[in-house]
Amino acid sequence: MTDSARHDKQKSPGPLDDIETNPSGYNLKVPLAAQAHAAQDESLGGTNGTDTGVMSSVGNNTSNDIYGELTNNPTTDAFSEFNDASALINGDINSGDSGYAPSSAGINAWYDQASEQEPTQSLPALIDGYHHDIDARAGSSDLGKEESTTRSQTADGTAQKSSATFKLQPATKENNPATLLAAQTPTTSSSIPSLPPSQLVSHNSPAPFPVDPEVKDQAPSSARSSLAPHSLSTKLDVRPRSSIPSNILPEDYAQQCIHAAYSSRLNPFALHPDEYQMLREHINGLQVTSYLNIRNGILRLWVRNPLVAVTKEEAAGCAKDYRWYSLAEVAYEWLVRRGYINFGCVEVPAIPSTSSSPSSNGIAKPRRETIVVVGAGMAGLGCARQLEGLFTQFADYWTSHGKQPPKVVVVEGRGRIGGRVYSHPLRTQENERISKRLRCTAEMGAQIITGFDHGNPLSILVRGQLALHYHPMRDNSVLHDVDGSPVNKERDILVERLFNDILDRASVYRHKPNIPKTAEGDRELIEMGRDPTGEGGRSLSKVEEALAQNSSIKSTIVPAEEEDKQKVPAGIDKMTGKAHVAFGSASKDPAAATAKSLGWALGVGVPESQSIDLDAVTSVKHPTLGATMDEAVKQYQKLLGLTPQDLRLVNWHFANLEYANAVNVSQLSLGGWDQDIGNEFEGEHAEIIGGYTQVPRGIWRSPSPLDVRFKHAVKSIHYHTDSKDDSKGTTKVECDNGEIIDADKVVVTAPLGVFKKGSIKFEPSLPDWKLGVIERMGFGVLNKIVLVYDKPFWDVSRDMFGLLREPESRDSLDQKDYVSRRGRLYLFWNCTKISGQPTLIALMAGDAAHQAEATKDHVLLDEVTLELSKIFKPTTIPKPRETIITRWSQDPFARGSYSYVAAETRPDDYDVMARPIGNLLFAGEATCGTHPATVHGAYLSGLRAASEVLESILGPIQIPTPLVPPKQKAESLSSVAGQKRQAENSALRQAHELKIARLEDYEAAIQTEIFTKLGPRPLKPGKPGANPFLLYQKDHWAPCKARCDEARRVATRNPQAKAGRDEIRAALGQMWRDASAEEKQPYLEQTACNKQANSEYAADFKRRVEQWDHDAERIRQEYRQQHPSQAGEEENRLWEQVGTARSSERRAKRISGYAEVSDTEMDLDT
């Protein structure tokens, strides 16, 4: 198996991205006054928040129920959510109790630095001091010249090393770890510290956000108080301060904006389909480009510093022309509502109400609306936190009606937060591998973050706000055969290529997605950071109508995705089991010819033109991926000499696919099993050191604690099918503990397994269309065996190793004999670096996951010990000191791990699952069709549900008419007075024109003087050879093209046929993934050298640019002193004619785009 091959599975061991079960509470070491608002009911403390029947624990060769064991464990209270809160309130906390700990880089002073404060110093006082400091700076300095505290990068473009220290500064937000700059303490951890973007410039790993030495102009903090009522699109009385930096090139600014759009899951060159529907009646093709430039600019503000919410004034500052302010306001409101900006653990700007309070007029205070969120997993917490932020930003809608914004209540059946994200605390907390401030935990559920790049919201949460430490994973695994011996790497590569080809051929039968319409902007202008000129023509809707009648009309309206490029799986990511995506398919080529090109020897008498036929097995009513791939394996056996080891290798990849989908592949829909293909995030996979639970816990606690009510399992929900009918009263949410909560709207985030089990009763019953989708969709199970040892006996530098499994009949060549056992202990994760203890986690996937639920603990422990003894012989494998076995289908609050696309699932079923019913809304990974079965998918669904709640209350975004006002034209005046005024205006206009022309010539003379003495400003160097694949592609393009051409000629029997560029690129991508470590090494080394050179070039470029700018400014000042600009006689005459005073000229100076001499020399006509 190739080193790169092991990077295969975009899901981690557990449900959602890796989902399995519960999180435990960690003790947040924060200022006690700031954390006093937390659940305090000691009767709810319970047993660490675990769920009876979900796990079992084996320790000291005895098997007990983990819950009873933990109940009697003296360390239990330290991990309980409620006892944790109680400890914080009572001040009973020490340096060892900071379970949700900071990055060792120290950015999270929220937890680590509290002890440095005086006991009487409260966090609110620090906040007031900090805001006062911002206001003072905003009022006394030019923010275009001085670094803005709220949204800026380090002025010199560098950052402190990860081992440096940041002193604690006054906080901007109560309880917000992201906004407390902490003292960065030295660390011995090998992890990547998750730092805010402004501190990541010089980090060895790629910064999560682009960073440069520019300083952004920032609106004063006082401007934050002027957000509009329920619509954020109110008119600005004054021109906002520009949010576009003046000290970088437009092209560089444009690239940052483009990167920000990609980092937000948006196409920088085209409208989102929802944007298209919102704007199609209001803008034309030219204005699309202007809108996209503004929208991308707003995203840039957010992505570059997600510690601070973007304000409406900052968004308006992204517009380059006053006519586009409404565009900016609409873009801003759309981004806010949809959760593309101002989400996560950030305090949004409060909006002071201009309306009278409800009780000030003597009238009884109206009832405050309540939104109930069912479930405190990632979807529920994400939704609740987003609702809190949205209600704050749109608060004036309620205050203008004499009401308070709705309150948000989260009800959770467990005694903990996180749902299927659960970092279970280990018995022994002493360790030398991770920070002492972190808990030693094992992931029962979600474990792997599947890439931070290209729009993963967890990048904002983990790296940009919470600053958590994470371990970047490497694909350096080894596969072991049934006897424990390592599998020959060349054979592994060969079989993996065959498996990928089988997957490719099965992809021919995928459902064809419906592609919504959108409109593209001018790519060239967007890349240059420029807006179009001219007024444009008809609106997008009018053009769409014209296209319906005449398709030959040239238009910017296009499908959201090119239909002619077929996305197909191009191999499996071994870390997650998810399919890679490639464009184009080689499935039309004969199977024999393809196998030969992959390196296989054809059987005797097998011609290259022979292929395989899967039409028969796919012609049934509900074809499955498993049946199709099994048939492909059988037919390939007739073409190739497959050995029993080959079949074991093939079935190892089957098991990895079953791990990704939490079910046997025979249950997966052939047409839709990979419906999320193409939406994968990029970058290396990562694990959170100290526990994934830190993420949901951070959402819960920051910037202020959410109202989460534990031990409130929902029994029934009495809802209304008409969300606009208030006559029937509120919705009733009845809990098992007898409490009934009145709610105006309910967001249900329960897992699909809970719906299938019917654990929650709905009155009235859910409609048939909703029940149908619940029945059709699949909900699978993945289980883990956690093994904690005193000492590691494995190579701790490897993140995982695999194990081939014996079929039911030894050395069988029958594919069906491998199905039941292939997922049993097929993969071991080395979790030592993230848990703090020598820990292995063995996966039970496919049928084996269900087998684990019915197998006794000691049987599983004996089996795993036997298999490990084969792999590491002659080492004697000790019994683990602690063992935890998950049984997810027995968890009453999950009933499984995560969803999958079952055979009968329809293409739009995930969207149907998300569709509201009256005042009942839905969220959870099973409602996110673009990112199902993942943590980030669950979180995104929570943001989507929050947007739906807000829109159901406020209605859609109100678009002003006209959205873009026409350019003003001079009016013709007929009266004598009007003619006189016109003459005066003409003289004034001529005076301005002469002045502007003079200043343009003056500026040109200055530039000529600078260029004569200094030459042109140094150009920013490129970054050649920073991608090893591109170097590989350059060397292998010609031979790969020749092979693809030959395969195409064989397939088509046309001697002139040639392969297309996309086909060659796909083949090269597959070659790179299949290449051995030795083949890749020269390119990786060359890339490393190039990156080092690029870094040196960049440092030299920065030095030369700074020197050039310094010298240019000196020459400019010298020229101004020696050659002051003077107005000519005609210009002076015109100024005298219109009677313009010099004081007026001074006030008008800043209107001009040209600086005269200096801020102290304001004369326009000297």
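On one side of helix 33, E1129 and E1136 are exposed; the other side of this helix is taken up below. The model described here is predicted. Helix 33 covers residues 1129-1138, and within it E1131, L1134 and W1135 are buried. These three buried residues span an arc of only 100 degrees around the axis, which means that they lie on the same side of helix 33. A general property of helices helps in reading this pattern. An α-helix has 3.6 residues a turn, so residues three or four places apart point the same way.

The whole chain can now be set around this one helix. The protein chain contains 34 helices and 27 strands. It has 1166 residues, and 57% of them count as buried. Among contacts between residues at least 6 apart in sequence, 80% join residues at least 24 apart. The chain exposes about 47000 Å², and carbon and sulfur atoms supply 50% of that area.

The next stop is a sheet. Strands of a sheet pair through backbone hydrogen bonds, either parallel or antiparallel. Four strands form an open sheet here, in the order 17-16-15-19, and their pairing is mixed. Strand 17 and strand 19 (761-763) are at the edges with a single partner strand each, so one side of each has no neighbour in the sheet. From one strand to the next, the twist averages 15 degrees.

The sheet can be followed strand by strand, starting from strand 17. Strand 17 (residues 740-743) runs antiparallel to strand 16, and four bridges join the two. In this pairing, T731 stands opposite A743 of strand 17. Strand 16 and strand 17 form a hairpin with four residues between the strands, where G738 takes a positive phi near 95 degrees.

Strand 16 itself (residues 731-735) has two unlike faces: T731, V733 and C735 make up the covered face, while K732 and E734 make up the uncovered one. Strand 16 also pairs with strand 15 (residues 714-718), in the antiparallel sense and over four bridges. Two positions show how these strands line up. S716 stands opposite E734 of strand 16, and I717 has V733 of strand 16 as its bridge partner. E734 belongs to the uncovered face of strand 16, and V733 to the covered face.

What joins strand 15 to strand 19, and in which sense do they run? Three bridges join them, and the two strands run parallel. I717 stands opposite F762 in strand 19. I717 therefore has a partner in each of two strands, V733 in strand 16 and F762 in strand 19.

Another group of paired strands lies further along the sequence. Strand 23 (residues 824-830) has seven of its seven residues buried, so it is largely enclosed by the rest of the structure. Strand 22 (residues 800-803) pairs with strand 23 in the antiparallel sense, over three bridges. There M800 stands opposite W829 of strand 23. Strand 23 also pairs with strand 24 (residues 839-844), again in the antiparallel sense, over four bridges. In that pairing R824 stands opposite M844 of strand 24.

Two loop residues complete the tour. T749 sits in the loop between strand 18 (745-748) and helix 22 (752-757). Is T749 buried or exposed? Its relative accessible area is 10%, and because the limit for buried is under 20%, T749 is buried. Leaving out residues up to four places away in sequence, T749 touches V373, V374, G375, A379, G380 and A923. With one of these, V374, there is also a polar contact: the side chain of T749 reaches the backbone oxygen of V374 at 2.5 Å.

P907 lies in the loop between strand 26 (898-900) and helix 27 (909-914). P907 counts as exposed, because its relative accessibility is 56% and exposed means over 50%. Setting aside neighbours within four places in sequence, P907 is in contact with H511 and Q675. P907 and Q675 are 232 residues apart in sequence, but their C-alpha atoms are 7.8 Å apart in space.

Notes: Residues numbered from 1 in each chain as written. Predicted model: local features only at pLDDT ≥ 70, side-chain atom pairs only at ≥ 80, totals over all residues. Heavy atoms only, no water. Buried < 20%, exposed > 50% of the residue type's maximum accessible area, 1.4 Å probe, protein only. Pairing = 2+ DSSP bridges. Axes fitted to C-alpha atoms, helices over the stretch in contact; angles between N-to-C directions. Polar contact = N/O pair within 3.5 Å; in protein donor to acceptor, adjacent residues only side chain to side chain. Contact = heavy atoms within 4.5 Å. Arc of directions from axis to C-beta. Areas by Shrake-Rupley, 256 points an atom, 1.4 Å probe, with all protein chains shown as cover.
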